[in-house]
Each structure stands twice: as structure tokens, then as C-alpha cells.
Amino acid sequence: MKRPKLRKASKRLSCSKRYKIQKKVREHNRKLRKENNKKGVSKRVKKDPGVPNSAPFKEEVLREAEQRRLQIEEEKERRKQAKKEERAQKRKKEKEDSSKETDVKAKRARQDENETLSDKRITPDRNSKQFLCSELNKVIDASDVVLEVLDARDPLGCRCPQLEEAVLQREGKKKLVLVLNKIDLVPKENVERWIQCLQQEFPVVAFKASTQIQDKTVRAKKSRIVASNEVLDKSRGAACFGNSCVTELLTSYAANTSAESLRVGVVGFPNVGKSSLVNSLKGILACNAGVKRGITKSMQEVHILKNVKLIDSPGVVASPSNPPASMALRSLQVEDGQDSVLEAVRTLLKQCDKNQIMLQYNVPDFRNSLEFLTTFAKKRGYLQKGGVANTEQAATAFLAEWTGAKMSYHCKAGENHCRPAYLSDTVVVEMQSGWDLNQLKIGNEETLKGVKFPNPASSIGFISKGPTAGLLTVSDVSEGKPAVGSTDTETERNDEPEQMAEDSNTAEEPEKPQEVPLKKKPGHVQFQSAPIDMSLSRATSDDAYDFNTDFK
């Protein structure tokens, strides 16, 4: 709709008003003239009469006046030209100064660029595997005692033979202690079996780190409100068990040694709880910790007592030759973008019982990992535009629960435990000497009494793939393709179509057209679709499609 134009105000006046204004103006002008006459100021400019004709030497006077006028004009022109030249010189000077400034700036920029390039050459990338390995070696060299933190849900899978062998071979007779963290996510019987099993090699400490350690400023603010602070301290996440046992063990060992201060290195794979252990022993937020893996990038020293110093370290870099399940839980390939989250979830689901997964996540029966993630995403509300399930977000949440301190799953301890080759009887005796083992046993029993353990029926059974190989030296780090032994996922994927083909041949079904392989896009995981019988008859045991292909 066109906006209506506003009419301008009219300038028409009534005659009486117009005459009144004119009269006022006349009076005002008359008043001004009178005042000027009194002061002797005339408004009119008197005309120059010039030289009268009767004046003697009229021509000479006029000539002199003309010359004076020309001189004045020349002087004006000269001044004008001088001003122009002055302005031009000023502009030229400004231009030269600006060019000098630009040259200086360009030179500084080149120097800064060269300095940054030299710094980049000198200081390596903090996210690179070489830098993480060098920092881990620094922690091992600087430590008198090394605490290897293990996730109680899969203690054997969190052990690194290369790390343990490196600690035993270093000079200075370093001691190695195993810390079984996250015991509140595992049934009590399972924790006791693992402690008995691991005590045959190294001293073992049961520990449950606090996940709600706060900064000093936050604690000072919350301490004013006593009621709310008490509620926070009683929560399950804020409780810490086993810290007194660890501190007593370290102080007693430090008293027996002749060193002035005991340096204790904390090592292990990503997200086993190294920084949380340091924060729990210190009592404040000394190191950054979180659900995301690989937060700690360099070594960090924290004093917990006068004579005891803890050294936090980055996670051990997992070797690409490990099985896919170990890589999904303990490597940083998903965070670095080298592996897909969907593929990591697929490998984890293969190591679990399908019925337990259905009960734990309250989802119906599913045929493969993609169908599970679709139902899981809809249940959690991870939806894209148009109500489509966001499987990427669901897979990320699933993996965060399994690597973080939320999901309860456990691995059974082996009855016939075999020692690794680098652990002889003399090494085991040497590692257990110098510690108060009776005090350690009493401390572990007290820790197990205080922790609230989950019900075995609600914990998911997980198949461990054994110790995880790690990379400690820079020469071992391969930034390229993984080793040949790491192609388990490809063989597992290829097993399903071969089995389906054999079943279809035995059933004498007609040949089906071959599927054209699709080109893989970067960041996209291609799930193999199995041939589905479109007939209305019920599926029998001889059908070509096996509904439990992912769970053998």
C-alpha cells in the first residue's frame, strides 16, 4: 500500500497579521538608522571622486597610482605562488615520510614472519604425536615413582607393555605402581578379582577420583552457602575414595628413601583419569580435566605434600597396529579426524552382548549399528531438519559415555594369568620391595567398603582385546597409514558378504545382480547393506540375511 503524502503547512497569513509584521519591521529599521546616525556611521559607501581635471600633474599621479596597483597585484601573486610551493613541499615531505613508514612496517612484518617461521621450526606442534611422545619420555625420566592409571572397566586393555618396559629399563631403579581408577563403574567382585590378579606383578591401588573438583575462587564463593556446599559434598560425583591410601603410601616410601622430595609421574592412555587423580590428591583444580580425550598436552608439576610432587603427563599414543576396539577406546584418531565416530561405535557394539545393550539403552531389537544409532538418536532427541535422526551426534554421545566416567561395563579377569616376557621373578620382587604392602591392603579394603558399586546385572559385559601397544619413541611414530595388522575391520566387513553368499548358494536361490561399489566421500562411512528377501513369507534359518551379523 502506497504511503500517503503529508501536506506541507501553508504560509498564508491573515491580512491583519501581515500588516502588523510589516509595521514592526519598518519600526525596527527606523530605529537602526537613528542609532547609526548618532554614531556617525553611514550605510552608503562614498565613491572615490578620482583626480580632478584641474589638479596639476594629473597624468603623473595617475601613472604612479597604476604602478602602485600593479605592485600590489604582483606581491599578491608572489605570495600566492609561495604558498603553493610550500604546500607542494609539505605534501612531498608527507609522502616521503609515509613511504618510509610503509618500508619500516614491511621490514618489521618480514622480520616477524621470519621469527614465526623460525619458532615454528624450533617448537613442534603440540598436537603432533612426536611432541606427545617426547613429553611422556620427559615425565618418565624425571620421575622416581611412576603411577600407571588403569580404567577398572578394562584394566588389561589400559596396560601398555612398551611403557612398563621403558620404566623398568630406565636408570635410577624407578618403581611402577598400578592405580585402578573408576572402580565405581564396575561390580565389586570384578574389582576384587582384578586387584588379586594385578598384585602378582605390581602394587595395585584402588581409586575413585572426584569428578566435581572446583577452582579456588569457586570454592570460596560456595563455602559461604553452607547448606548448598554440604549437598554438593554428599553427591556421588564429588566423593573421592582412595586418596588417603595413595598419600600414605607415597609419604611412607618417601620417608624410606634418602631423596629430599619424591617425584611421582602419572602416566596412562587418554581418558583413564590421570588429571582427575592429580586434582583429587591436590584437592583443587590443578590440571584441566574433562570428558574430551587428549586435553593434557604437556607435562605439569603439582605439589601435593612438602616432600611429594606429582607430574601430570599427556596420554600414551596408541599404535595403529592395535585391534579396532582398542583404538576406538584408547586412541585419539576420532578427535584428530583420522577415523569415523560411526566406525568406532560399530566396533564397540561388536564386543558387547546385544541383549545387554538393548536393556541398558532401552532400545528395541536392531540389526546393525546404524539401526541402533537411529533409534538411539530418536530416543535422545538428536534430530536434524525434517525430523531425520542425527546418527553422527548419537555416535559421539555414545562414545563419550564409554570413554568417560558414565557407562558401566566390565571385563572378566583371566583365571590363568601369564606374566609378560619383561617381568621376571626378580623384577617383581624388586618392584614390590620398599612398599608397605600390609598398609596398602588395608587401604584398599577401606576404599572398597566406602564405594557404592553398580549391580552386576546392570553392567555390560565387554570382551577385552588384551594389552594395548603404545608408541614411546619419535622414530616409532608413523604419521602415515596404519600397519598391516590393523585391517581387522576390513576383514570383518568382508566376512559378512561371503557368509551371505555361501548361504544363498546352499539355498539355490537365483543369482542377484552385483552391487556397484560406491565411491567413498571423505568423512563418510559406508555401511554394507545385506540383500533382503522381499517376499511376504516369514524369514527362516536358511535365509540369506543373518539378522545378528554384527554380534557373533
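**Notebook: a sheet, a helix and two cores**

I started with helix 9 (residues 274-282), which lies across strand 1, strand 2, strand 4 (262-267), strand 5 and strand 6 (308-312). Helix 9 runs at about 155 degrees to strand 6. A reminder to myself: this is a predicted model.

**The sheet**

Next I looked up how the strands are arranged. I found an open sheet of six strands in the order 3-2-1-4-6-5, and its pairing is mixed. Which strands stand at the edges? They are strand 3 (204-206) and strand 5 (300-303); each has a single partner strand, so one side of each is left without a neighbour in the sheet. From one strand to the next, the twist averages 25 degrees.

Then I picked one pair to follow. Strand 1 (residues 145-151) and strand 2 (residues 175-181) run parallel and are joined by seven bridges. In this pair, I saw Val-145 standing opposite Lys-175 of strand 2.

**Helix 17**

I checked the length of helix 17 (residues 437-450). Its 14 residues, at 1.5 Å a residue, should span 20 Å, and the end C-alpha atoms are indeed 20 Å apart, so the two agree.

Which residues of helix 17 are buried? I listed Leu-440, Gly-443, Asn-444, Thr-447 and Leu-448. Looking down the helix axis, I found them within an arc of 135 degrees, so they line one face of helix 17. That made me recall a general point: an α-helix has 3.6 residues a turn, so residues three or four places apart point the same way. On the other side of helix 17, I noted Asn-438, Lys-441, Glu-446 and Lys-449 as exposed. The buried residues pack against helix 5 (188-198), strand 3 and helix 8 (243-256).

**The cores**

I turned to the nonpolar cores. The largest has 67 residues, and Leu-180 and Ile-183 have the most contacts inside it. Helix 8 gives the most to this core, with six residues. I looked at what Ile-183 touches, leaving out residues up to four places away in sequence: among them are Val-191, Phe-207, and, from further along, Thr-447 and Leu-448. Those last two were already on my list of buried residues in helix 17. There is also a second, separate core of 32 residues, including Val-363, Leu-373, Ala-395 and Leu-399.

**One serine**

My last stop was Ser-340, in the loop between helix 11 (333-336) and helix 12 (341-350). Is Ser-340 buried or exposed? Its relative accessibility is 14%, and buried means under 20%, so Ser-340 counts as buried. Ser-340 and Thr-396 are 56 residues apart along the chain, and 9.8 Å separates their C-alpha atoms.

Methods
Residues are numbered from 1 along each chain as its sequence is written. This is a predicted model: local features need pLDDT of at least 70, side-chain atom pairs count only at pLDDT 80 or more; totals for chains, interfaces and linings use all residues. Side-chain values use heavy atoms; hydrogens and water are left out. Two strands pair if DSSP finds at least two bridges between them. Helices (H or I, at least four residues) and strands (E, at least two) are DSSP runs, numbered from the N terminus. Axes are lines fitted to C-alpha atoms, for helices over the stretch in contact, and angles run from 0 to 180 degrees between N-to-C directions. Contact means heavy atoms within 4.5 Å. The expected span of a helix is 1.5 Å times one less than its number of residues. Buried means under 20% relative accessible area, exposed over 50%, partly exposed in between (1.4 Å probe, protein chains only). The arc is that of the directions from the helix axis to the C-beta atoms. A nonpolar core is a set of buried Ala, Val, Leu, Ile, Met, Phe, Trp, Tyr and Cys residues joined through side-chain atoms within 4.5 Å.
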